[in-house]
Amino acid sequence: MIRVRAGLSRKHLLSLGPPMVWGAMAITYKLTCPLAQQNGLRARIVTSAVFFVVGTGLVLQVRCALLRELREAREVAGAAQRVLVRPLPARVAGLNVAATQLSADRGAVIGGDLYEVIATEHGVRVVMGDVRGHGLAAIGTVAAVLGSFREAVHDEPELGCVLRRLERAHARHLRERARGEHPSAEGEPDHPVAEEFVTVLLLEIRPDGEVRVLNCGHPWPYLLGPARAEPLTRAEPLPPLGPFPLPAELPAVGCGRLPPGEALFLHTDGVEDARDGAGRFFPLPAVLAGAVRAGPVCPQSVLRAVLAALLRHVRGRPADDVALLVLRNDRRDVVRQTPGEPVGHRAHRLT
């Protein structure tokens with residue numbers, strides 16, 4: 001700690017050097033130059049010009065120092081944000097992956113949306129979530145949910161157990177935040193932050209291509225195939241994490257198998273709820289259908305098409321955080337679909 005403080009002190013002293021030099025030049029001119037001692041018009045013009053040059057140099061020096069510190073602060077913040085929501089690899093266990101996100105807060109890389117794709121012994125497991133609110137205020141909840149997910153997906157064989165781990169982590173985070181906001185309160189708060197919640201979509205793609213989903217108040221994914229884009233399922237989702245406890249039974253929704261060449265499109269509600277100047281919602285199904293109409297599904301092309309259309313729709317300024325994730329099955333050894341079983345429609349309603 002002492003070394004860090006000493007380093008900061010030296011850095012601050014070095015940053016004060018150039019302004020001191022400019023000030024010393026102005027004082028030296030005023031005290032030693034004979035022209036500066038005269039009161040004539042010519043002397044006043046020269047003196048004003050000298051002080052103008054000195055002042056301009058001082059302002060430029062301070063501006064450069066501030067821009068340098070701002071650039072360093074942004075680099076540190078960007079590195080911290082990339083650790084929290086890590087860039088996804090291009091391929092995960094035979095799946096082609098493309099993802100991006102936009103924060104509604106200017107200058108922030110991430111906000112209240114979260115996603116992660118992890119290959120486990122149980123299959124590839126995916127989380128997509130949306131914390132109430134947006135921007136920097138929601139990052140603490142994002143860190144709690146993602147940290148719990150990254151541990152639970154390797155330990156828990158069932159998606160329902162993973163979801164319960166996320167619920168406990170979210171509740172613990174809210175209790176700790178409530179204690180921090182009200183340190184004088186005795187004991188545990190009964191309802192620490194009652195209005196806080198997070199929507200979560202858990203998705204599992206097994207080695208044979210079978211897709212299973214648990215949804216807590218989140219938009220359902222879309223199934224993308226050659227010249228088609230349709231909802232993966234229309235089952236009733238569970239309530240978001242936070243306001244109500246999870247039910248005793250958490251059966252995952254079976255959505256059939258994902259054939260090679262087809263893809264899943266996951267998103268947050270900041271996409272479908274985006275409005276243009278006339279108040280019209282973003283037509284996501286039509287944009288997805290147009291993105292896959294030309295030929296085989298390309299995750300990167302779909303992502304670019306949706307993002308470009310969304311930015312045009314909102315004129316470059318989304319009102320809410322946005323996250324997009326596309327997963328295409330590039331595996332070859334996938335078990336074939338049962339005859340008569342349509343892909344994406346073998347789902348049951350949660351009770």
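**Close-up views of a predicted model**

**View 1. Glu204 is a buried residue, with a relative accessible area of 2%.** The model shown here and in the following views is predicted. Glu204 forms a salt bridge with Arg125, and their closest N and O atoms lie 2.8 Å apart. The pair links distant parts of the chain, since Glu204 belongs to strand E5 (residues 198-205) and Arg125 to strand E4 (residues 123-131), 79 residues apart. Arg125 counts as buried as well, at 1% relative accessibility. Both values fall under the 20% limit for burial, so Glu204 and Arg125 are each classed as buried. Side chains of opposite charge can pair when their charged atoms come close.

**View 2. Glu230 and Arg228 meet through their side chains in a salt bridge.** The N to O distance is 3.0 Å. Glu230 counts as partly exposed, at 23% relative accessibility. Arg228 is likewise partly exposed, with a relative accessible area of 26%.

**View 3. Asp276 and Arg280 form a salt bridge between a buried residue and an exposed one.** The closest N and O atoms of Arg280 and Asp276 are 2.9 Å apart. Asp276 has a relative accessible area of 15% and is therefore classed as buried. Arg280, with a relative accessible area of 54%, is exposed.

**View 4. Salt bridges that share partners join five residues, Arg125, Glu204, Arg206, Glu210 and Arg212, into one network.** The pair of View 1, Glu204 and Arg125, belongs to this network. A search of the whole structure finds 13 salt bridges.

**View 5. His218 lies in the loop between strand E6 (210-216) and strand E7 (222-225).** Although placed in a loop, His218 counts as buried, at 4% relative accessibility. The His218 side chain makes a polar contact with the side chain of Thr199, at 3.0 Å. Leaving aside neighbours within four places in sequence, His218 is in contact with Met128, Gly129, Asp130, Thr199, Val200, Leu201, His267 and Thr268. Thr199 thus appears both as the polar partner of His218 and in the list of residues in contact with His218.

**View 6. Cys216 and Cys255 are shown as two buried cysteines.** Cys216 has a relative accessible area of 1%. For Cys255 the relative accessible area is also 1%. The structure holds zero disulfides, so neither Cys216 nor Cys255 takes part in one. Cys216 is part of strand E6 (210-216), which precedes the loop that holds His218.

**View 7. Helix H3 covers residues 139-155 and has 17 residues.** From its first C-alpha to its last, H3 reaches 25 Å, close to the 24 Å expected at 1.5 Å a residue. The buried residues of H3 are Ile139, Thr141, Val142, Val145, Leu146, Ser148, Phe149, Arg150, Ala152 and Val153. This list includes the charged residue Arg150 together with Val142, Leu146 and Phe149.

**View 8. The whole protein, with seven helices and eleven strands, gives the setting for the close-ups.** Of its 351 residues, 42% count as buried. Among contacts in the protein with a separation of 6 or more, residues 24 or more positions apart account for 71%. The protein exposes about 19000 Å², of which carbon and sulfur atoms supply 59%.

Conventions. Residues are numbered from 1 along each chain as its sequence is written. This is a predicted model: local features need pLDDT of at least 70, side-chain atom pairs count only at pLDDT 80 or more; totals for chains, interfaces and linings use all residues. Side-chain values use heavy atoms; hydrogens and water are left out. Helices (H or I, at least four residues) and strands (E, at least two) are DSSP runs, numbered from the N terminus. The expected span of a helix is 1.5 Å times one less than its number of residues. Buried means under 20% relative accessible area, exposed over 50%, partly exposed in between (1.4 Å probe, protein chains only). A disulfide is a pair of cysteine sulfur atoms within 2.5 Å. A polar contact is a pair of N or O atoms within 3.5 Å; within protein, one must be able to donate a hydrogen and the other to accept it, and residues adjacent in sequence count only if both atoms are side-chain atoms. Contact means heavy atoms within 4.5 Å. Accessible areas come from the Shrake-Rupley method with a 1.4 Å probe; for residues, only the protein chains shown count as cover. A salt bridge is a side-chain nitrogen of Lys or Arg within 4 Å of a carboxyl oxygen of Asp or Glu.
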